[in-house]
Amino acid sequence: MAEYTVSALNKVVRGPKRANYDVDMINTILDDAFLCHVGYVWDNKAIVIPMAYARKDDKIYIHGSLKNRMILSLLDAGEASISVTHLDGLVLARSAFHHSANYRSVNVFGKVKKVEEPKEKMEALKYILNHMVPEHWDNVRHPNDKEFNATLVLEISMDVASAKIRAEGVSDETEDHKLPIWAGVVPIKQVAYDAISDDDLPEGVEVPEAVMNYVALHK
């Protein structure tokens, strides 16, 4: 079982019993999401924004326009930190103090590189789109030269990473157990509804199988 080396950078300090450094577990959490949050510094100000991403082996791909300040700031810094979180449940305790949430989260730290080789860059864009809806790349018009050249793709190496997971019930004080107050967990999941076709579709264009498979899997 491969694990990331624990360092001052990726060590989970608060709630260390919930820490997980297993490579397969971290990859699974990353692969189950589509949006990450990227931290960067611009004009001496700390900023965090959500971004679409994809993982390929031990690399993370993100993309943006040529003038995207986050992309340019990350290139200047030469390193990046991204985080991904799944909310799996609301933990409603008897006491306000012990309310919590069940979740799976990952932090990744690594070096930043601009993907410039055309074939590799197009492959990275394919990974990002297929990470959103598996196998959907074959159903769309691929970027033309203008779109392709106007897009920057970054590769972030997964040098170190860590996960933090809470998957348990209420942790109230023992003396509160006899209180006439409800406590428990409200499970939460993200669901997909039936696809809604665009009004301007030509007659006879059907919802692609990849989209229907995605909806069926996430109902």
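This report walks through the main pocket, two charge-over-ring contacts and three individual residues of the structure above. The model is predicted, so please read every value below as computed from that prediction.

**The largest pocket**

Let us begin with the space you might look for when you open the structure. The largest pocket has a volume of about 850 Å³. It is lined by 27 residues, and those closest to its centre are Asp32, Ala33, Phe34, His86 and Gln190. Four elements give two or more residues each to this lining: the strands β2 (35-42) and β6 (79-92), together with the helices α3 (118-132) and α5 (209-217). Of the contributors, β6 provides the largest share, with five residues. In character, the lining of the largest pocket is mixed, with twelve nonpolar, eight polar and seven charged residues.

**Rings and charges**

If you search for pairs of aromatic rings, you will find zero in this structure. Aromatic rings do take part in another kind of arrangement, though, with a charged side chain placed over the ring. Arginine 69 lies over the face of tryptophan 42, at 4.3 Å from the ring centre. Likewise, lysine 121 has its charged end over the ring of phenylalanine 148, and here the distance to the centre is 4.4 Å.

**Three residues to look at**

Serine 73 belongs to helix α2, which covers residues 69-77. Its side chain reaches back to the backbone oxygen of arginine 69, at 2.7 Å. That is the arginine whose charge sits over tryptophan 42. Serine 73 counts as buried because its relative accessibility is 10%, and the buried class lies under 20%.

Proline 180 and histidine 177 take us to the loop between β9 (160-166) and β10 (184-187), where proline 180 lies. Histidine 177 has its place in the loop between β9 and β10 as well. Proline 180 is classed as exposed because its relative accessibility of 82% is over 50%. Histidine 177, at 44%, counts as partly exposed.

The table puts the three values side by side.

| Residue | Relative accessibility | Class |
|---|---|---|
| Serine 73 | 10% | buried |
| Proline 180 | 82% | exposed |
| Histidine 177 | 44% | partly exposed |

Two separations help to place the loop residues within the fold. The C-alpha atoms of proline 180 and methionine 1 are 45 Å apart, with these positions 179 residues apart along the chain count. For histidine 177 and lysine 11, which are 166 residues apart along the chain, the C-alpha separation is 34 Å.

Conventions. Residues numbered from 1 in each chain as written. Predicted model: local features only at pLDDT ≥ 70, side-chain atom pairs only at ≥ 80, totals over all residues. Heavy atoms only, no water. Phe/Tyr/Trp six-rings, centres within 6.5 Å; stacked < 30°, edge-to-face > 60°. Lys NZ or Arg CZ within 6 Å of the ring centre and 35° of its normal. 1 Å grid on protein atoms, 1.4 Å probe; cavity = no way out; pocket = protein on both sides within 12 Å on 5 of 7 lines; lining within 4 Å. Points joined across faces, edges and corners; volume = space filled by probe spheres on them. Nonpolar A, V, L, I, M, F, W, Y, C, P; charged D, E, K, R; others polar. Buried < 20%, exposed > 50% of the residue type's maximum accessible area, 1.4 Å probe, protein only. Polar contact = N/O pair within 3.5 Å; in protein donor to acceptor, adjacent residues only side chain to side chain.
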